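Here are some notes for a colleague who wants to look at backbone, ring packing and exposure together. Please read them with the coordinates open.

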Amino acid sequence: MDDAEAVGAANDAFYLAFEKRDLLRMRACWRGHPDDVCIHPGWEVTRGKKIMESWRDIFATGMPMRFVISDLSIEVVGDVARVHNVENIYLGGDGEPLGRVAVTHLFQRVGRDWLLVVHHGSPIAQNELPESDEDSAYH
C-alpha cells in the first residue's frame, strides 16, 4: 500500500468510527497532541483533550448517521497528508442526504500510522450558486 492509499484507509477509519459512534475507534484516529484541532460545522474551535469530549457529546445524541464520501482528494508531502472530501450525510435509511459538509483533514505520519491532526468541517449551503464563467482558483 502506498502512502496515499494508507491515508485513504485512515480517512475511512475516521468515518467508520463516526458511523459506529465508537469513541475508542475515534481516539485511535487522532494523534492525541495538545495542538490537534477539530472544527465541527457550526462549533467553536476545539483543541487537545477537548476533542474527544466533543466526539463523546456528538455520539451521545444517538443519531445514526451514514456518510457517502464524494469529491475525495488526497495529497501526501513527506510525513503530512491533506485530504479534502464532501460528506453526504444520511440519517437512518436511504433517501436524500440530510446535508453536505466540506471537510479538510490533515494527517501526520507517526511511525507506521497516519493520524489526524486537524478535522475541519464546513456546511455546504443547500442552494448552490450558479457556476461562474470566470476561471478563478480563489473566491
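Is Asp-71 buried or exposed? Asp-71 is exposed, with a relative accessible area of 54%. The points below refer to a predicted model, and the values in them are to be read in that light.

1. Overall make-up. The secondary structure of the chain comes to 3 helices and 6 strands, and, read from the N terminus on, the elements follow the order α-α-β-β-α-β-β-β-β. Of the 139 residues in the chain, 33% are buried, while the chain exposes about 9,000 Å², of which carbon and sulfur atoms supply 52%. Among the contacts with a separation of 6 or more, 48% are accounted for by residues 24 or more positions apart.

2. Backbone at Asp-71. This residue deserves a look in a phi/psi plot, since Asp-71 has a positive phi of about 55 degrees although it is not a glycine. As background, most residues other than glycine have a negative phi. Asp-71 is placed in strand E3, and its relative accessible area of 54% lies over the 50% above which a residue counts as exposed.

3. Backbone at Arg-21. A positive phi of about 55 degrees is also found at Arg-21, which is not a glycine either. Arg-21 has its place in the loop between helix H1 (3–20) and helix H2 (23–29), and with a relative accessible area of 32% Arg-21 is partly exposed.

4. Surroundings of Ile-69. Strand E3, which covers residues 65–77, also holds Ile-69. Why is Ile-69 classed as partly exposed? Its relative accessible area is 32%, and this value falls between the limits of 20% and 50%, so the residue is neither buried nor exposed. Leaving aside residues up to four places away in sequence, Ile-69 touches Tyr-15, Asn-85, Val-86, Glu-87 and Asn-88. For one of these partners, Asn-88, the C-alpha atom is separated from that of Ile-69 by 6.1 Å, although the two residues are 19 residues apart along the chain.

5. Aromatic pairs within helix H1. The structure holds 8 aromatic pairs. In one of them, the rings of Phe-14 and Phe-18 have their centres 6.0 Å apart and their planes at 75 degrees, so the pair is edge-to-face. Phe-14 and Phe-18 are 4 residues apart in helix H1, which means that about one helical turn separates them. Both Phe-14 and Phe-18 are buried.

6. From helix H1 to helix H3. Phe-18 also pairs with Phe-59: the ring centres are 6.2 Å apart and the planes stand at 50 degrees, so this pair is tilted. Because Phe-18 lies in helix H1 and Phe-59 in helix H3 (residues 50–60), the pair ties together parts that are 41 residues apart in sequence. Phe-59 is buried, as is Phe-18.

7. The ring cluster. Which residues do ring pairs link into a cluster? They are Phe-14, Tyr-15, Phe-18, Trp-55, Phe-59 and Phe-67. Two members of this cluster come up again in the points above: Phe-18 forms the tilted pair with Phe-59, and Tyr-15 is among the residues that Ile-69 touches.

8. A charge over a ring. Finally, the charged end of Arg-66 should be viewed together with Tyr-90, as it sits over the ring of Tyr-90 at 4.5 Å from the ring centre.

How values were computed: Residues are numbered from 1 along each chain as its sequence is written. This is a predicted model: local features need pLDDT of at least 70, side-chain atom pairs count only at pLDDT 80 or more; totals for chains, interfaces and linings use all residues. Side-chain values use heavy atoms; hydrogens and water are left out. Helices (H or I, at least four residues) and strands (E, at least two) are DSSP runs, numbered from the N terminus. Buried means under 20% relative accessible area, exposed over 50%, partly exposed in between (1.4 Å probe, protein chains only). Contact means heavy atoms within 4.5 Å. Rings of Phe, Tyr and Trp (its six-membered ring) pair if their centres lie within 6.5 Å; planes under 30 degrees apart count as stacked, over 60 as edge-to-face and the rest as tilted. A charge sits over a ring if NZ of Lys or CZ of Arg is within 6 Å of the ring centre and within 35 degrees of the ring normal. Accessible areas come from the Shrake-Rupley method with a 1.4 Å probe; for residues, only the protein chains shown count as cover.
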